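Q: I would like to learn how to read the fold of a protein model. Where should I start?

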Amino acid sequence: MLEQSRAFSGFSVDDVSAARRFYGETLGLRVSEDHGMLTLHLAGDRDTLVYPKPNHEPASFTILNFPVADIESAVDGLVARGVRFEAFDGVDEKGIFRRGGPLIAWFRDPAGNILSVLQQG
């Protein structure tokens with residue numbers, strides 16, 4: 001019944017304006033706004049809905065992963081744009097986890113949701 005549906009994912013934020021600035025300006029993503037909600041137009045034609053929720057609680061898991069070819073330069077570039085990486089257990093001084101699996105570094109959006117860059121390839 002739904003196999004032909006263009007499904008999409010979404011997540012909540014507590015401040016749509018702050019989210020628009022962060023995702024559009026800081027991360028450089030193409031963002032559109034309609035009916036008080038944002039759409040992140042991600043590579044691969046993968047739109048993601050960002051909607052306001054007054055009693056928003058940040059996700060306790062990674063909601064978006066951004067694959068990159070070179071995590072070092074991705075982290076450096078994001079830091080230069082004001083992004084702060086999380087100091088989770090096992091990460092190095094740059095915020096990169098290097099203890100198995102793909103190299104990954106986590107950061108948060110203004111609503112506290114967890115995002116990551118991870119090296120592929």
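The dialogue below goes from the whole chain to one sheet and its helix.

Q: What pattern does the protein chain follow along the sequence?
A: Begin by listing the elements in order. This is a predicted model, and its protein chain has two helices and eight strands. Their order along the sequence is β-α-β-β-β-β-α-β-β-β.

Q: Why does a radius of gyration of 15 Å agree with a compact globule?
A: The value is judged against the chain length. A compact globule of 121 residues would have a radius of gyration near 14 Å, so the 15 Å of the protein chain agrees. The C-alpha atoms fill a box of roughly 40 × 30 × 25 Å along the principal axes. Of the 121 residues, 39% count as buried, that is, under 20% relative accessible area.

Q: In which order do the four strands form the open sheet?
A: Read a sheet from one edge to the other. Here the order is β1-β4-β3-β2, with mixed pairing. The edge strands, β1 (9–13) and β2 (30–34), each pair on one side only. On average, neighbouring strands are turned by 25° against each other, direction ignored.

Q: How many bridges join β3 to β4?
A: Look at the direction of the two strands as well. Strand β3 (residues 37–42) and strand β4 (residues 46–52) run antiparallel and are joined by five bridges. His41 stands opposite Asp47 in β4.

Q: Which strands does helix α1 touch?
A: Helix α1 (residues 16–26) packs on the sheet and touches β1, β2, β3 and β4. The direction of α1 makes about 160° with that of β2.

Q: Which residues does the "domain: VOC" annotation cover?
A: An annotation comes from a record. The unreviewed UniProt entry places "domain: VOC" on residues 5–120. In the model, that span is 18% helix and 37% strand.

Note on methods. Residues are numbered from 1 along each chain as its sequence is written. This is a predicted model: local features need pLDDT of at least 70, side-chain atom pairs count only at pLDDT 80 or more; totals for chains, interfaces and linings use all residues. Side-chain values use heavy atoms; hydrogens and water are left out. Two strands pair if DSSP finds at least two bridges between them. Axes are lines fitted to C-alpha atoms, for helices over the stretch in contact, and angles run from 0 to 180 degrees between N-to-C directions. Contact means heavy atoms within 4.5 Å. UniProt positions are given in the numbering used here, feature names are shortened, and annotations may be inferred rather than shown by experiment. The radius of gyration is taken over C-alpha atoms; the globule rule is 2.2 Å times the number of residues to the power 0.38. Buried means under 20% relative accessible area, exposed over 50%, partly exposed in between (1.4 Å probe, protein chains only).
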